Each structure stands twice: as C-alpha cells, then as structure tokens.
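Me: Please take a close look at the open sheet in this model and at what packs on it. Give some context for the whole protein as well.

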Amino acid sequence: MSTIQEITSLEGWDQHLSSLPPSTLLIISFQAPWAAPCAQMATVLSTLASEYPVTDPPSTSWVSINAEELSDISEAYDVTAVPYLVLVRGGEVLETVSGSSVVKVRNAIESHAKQSPHSASAAAGQEAAATNGAAATVDDKNGETTTEDPENQKEELFKRLKDLVKAAPVMLFMKGTPSEPKCGFSRQLVAILRENAVKYGFFNILADDEVRQGLKEFADWPTYPQLWVDGELVGGLDIVKEELANNDEFFKPYSVKANGDTPVVA
Ligand SMILES: N[C@@H](CCC(=O)N[C@@H](CS)C(=O)NCC(=O)O)C(=O)O
C-alpha cells in the first residue's frame with residue numbers, strides 16, 4: 001500500500017527525484033496548510049495512494065509539497081492555486097489538475113498510472129519538468145476539447161472560472177502568491193486574511209493572463225485583488241476593508257478559529 005511522503009526541503013526534493021526510476025509515475029500534491037480544500041484533498045489522495053501496491057521498482061510515488069514554503073518548486077511547476085496536482089513521469093509533466101475535484105484527480109491518476117512510460121522522454125530525468133512544466137499544463141480543463149471559435153473559447157473560459165471562484169469557500173485572486181505578493185493591494189489583502197485567520201485558496205493571476213483578463217469580465221470587476229466568498233465576489237481591497245469596518249466578524253465563519261458551533265457557510 002503506497003503512502004504519501006511529505007517533502008519539506010529542496011534537498012529532500014532533489015533526493016526524491018534522483019531516487020526515482022524514469023518509469024515511476026510521480027504524483028505531486030501542492031497544498032497549503034490553511035486551505036480547507038487541501039485538507040480534503042490530502043484525505044482523498046491518501047485513500048487513492050493506499051489503493052496502489054508498493055512494487056519494485058515503484059510504479060507510483062506520492063508526495064505532498066507545501067506550495068508556499070517550497071515556492072521554488074511550486075513556481076517551477078507553475079502552481080497558481082492550491083490544491084494543485086501534477087503528474088510527472090520520466091521528467092515529463094503528463095497532466096495537472098487544479099482545484100479539489102475528486103473525480104478529476106482520480107481519473108487523472110488512474111489513466112496515467114495504467115499508461116506505459118513515454119520512452120522518448122524517459123532519459124530526460126525529473127529535473128526537466130521544472131522547465132517544461134508550463135507547456136504540458138492542462139489545468140482544470142482535464143482533456144476537454146478546445147476550439148478556435150472565440151465565443152466557444154469564452155464560454156469554456158467562463159465555465160472554468162465558475163469552478164475556479166468556488167475552488168475554496170474563500171478564494172483570493174491576487175498578483176503573486178501570499179508569500180510573495182507582487183502588488184501592494186494584494187499584499188494588504190493577504191495580511192487582512194492572515195490577521196483574521198481565514199482559511200483561503202489563492203490564484204496567482206500573473207501566471208495566467210487568460211484568467212487575469214477573463215475574470216475581470218466574468219466578475220464585472222476591473223482590478224486585483226479580488227476576494228470571492230462561496231462563489232460570490234465580495235470585491236477588492238477597499239470593499240473588504242469596508243465590510244470589516246461594518247462587521248468585524250465578517251470572516252468568522254471562515255476562520256481557522258471557528259469552533260464547532262459556527263456554521264461553515266454563513
Ligand atoms: N482600489 C483597488 C486597488 C486595486 C488595483 O487598483 N489594482 C490594479 C493594480 S494592482 C489592477 O489590478 N489593475 C488591473 C490589472 O493589473 O490587470 C482595490 O480596492 O482593490
């Protein structure tokens with residue numbers, strides 16, 4: 001029965017990569033400890049991992065990485081939101097799944113775990129993924145056929161955004177990452193969420209221009225940061241400050257400090 005190994009340092013990561021034969025399917029789960037969907041995903045992945053037998057050489061290898069603490073690794077794999085799953089074999093990124101859809105995660109792992117390794121890329125080594133990750137990213141579309149028709153493309157993008165804004169009960173669309181915000185407004189909003197001990201997911205819009213431009217139209221809101229709660233736009237930094245000024249318990253239902261009596265959904 002396979003288990004998930006927590007990677008806690010760059011050295012540990014390098015060691016893990018160099019120990020893997022090119023035929024092993026590497027399942028990397030990027031997570032953030034404060035994001036509730038990541039905790040659910042960890043449970044789902046442990047269950048899935050336990051279904052795969054330990055073989056020699058290993059057919060699968062399961063690792064979990066704190067996306068913020070090991071930002072070099074998450075950046076190398078273009079992680080823009082958590083939870084985020086990356087499937088790698090022989091240095092090639094086979095598929096990525098953004099968000100917490102159990103069905104997508106299970107399907108992705110099952111389909112690649114059964115496939116035979118790509119012989120051409122097997123010699124490339126796991127490190128190659130660091131530079132090639134972006135090209136192979138399927139993101140949340142999970143194999144959906146893309147189309148050249150701009151109207152259909154917009155429809156597909158909006159479908160994706162509809163899921164994305166609900167990827168966590170509290171979702172922050174920001175410039176940069178919480179550990180490295182690339183704009184003062186985003187930095188301030190991260191600070192507010194942290195002060196209020198809010199469990200949240202984030203998406204770095206600088207890493208995906210389609211989302212950056214599309215979400216402005218989808219949300220009818222021209223700037224970032226954008227804070228979404230339960231799939232509804234709250235607003236940018238100014239609005240969040242106003243909401244908190246009017247109601248200092250605004251974030252209470254989403255706080256890690258919320259006790260069992262507090263409804264998770266207000
Ligand atoms: N007053 C706004 C400030 C946010 C803002 O002005 N953001 C700008 C600069 S970081 C922005 O996102 N512009 C659009 C873009 O960069 O795509 C708020 O309350 O959130």
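**The open sheet and its surroundings**

Reply: The accessible surface of the protein, in this predicted model, comes to about 12,800 Å², and 51% of that belongs to carbon and sulfur atoms. Of its 266 residues, 47% count as buried. The protein has nine helices and nine strands.

Four of these strands form an open sheet with mixed pairing, in the order E7-E6-E8-E9. Strand E7 (201-204) and strand E9 (232-235) are at the edges and have a single partner strand each, so one side of each is left without a neighbour in the sheet. From one strand to the next, the twist averages 25°.

Strand E6 (residues 170-174) and E7 run parallel and are joined by four bridges. Met 171 has Gly 201 in E7 as its bridge partner.

Two helices can be described against this sheet. Helix H8 (residues 209-219) lies across E6, E7, strand E8 (226-229) and E9, and runs at about 60° to E8. Helix H9 (residues 237-246) also packs on the sheet, where it touches E8 and E9; the direction of H9 makes about 85° with that of E9.

As for the interior, the largest nonpolar core has 42 residues, and those touching the most other members include Tyr 200 and Leu 227. Helix H7 (residues 184-195) gives the largest share of this core, four residues. At least three core residues come from each of domain 1 (4-117) and domain 2 (154-259). Trp 13 is also among the core residues that touch the most other members; beyond its neighbours within four places in sequence, Trp 13 is in contact with residues including Ile 28, Val 63 and Tyr 77.

Terms used. Residues numbered from 1 in each chain as written. Predicted model: local features only at pLDDT ≥ 70, side-chain atom pairs only at ≥ 80, totals over all residues. Heavy atoms only, no water. Core = buried A, V, L, I, M, F, W, Y, C linked by side-chain atoms within 4.5 Å. Buried < 20%, exposed > 50% of the residue type's maximum accessible area, 1.4 Å probe, protein only. Domains from an automatic or database assignment. Contact = heavy atoms within 4.5 Å. Areas by Shrake-Rupley, 256 points an atom, 1.4 Å probe, with all protein chains shown as cover. Pairing = 2+ DSSP bridges. Axes fitted to C-alpha atoms, helices over the stretch in contact; angles between N-to-C directions.
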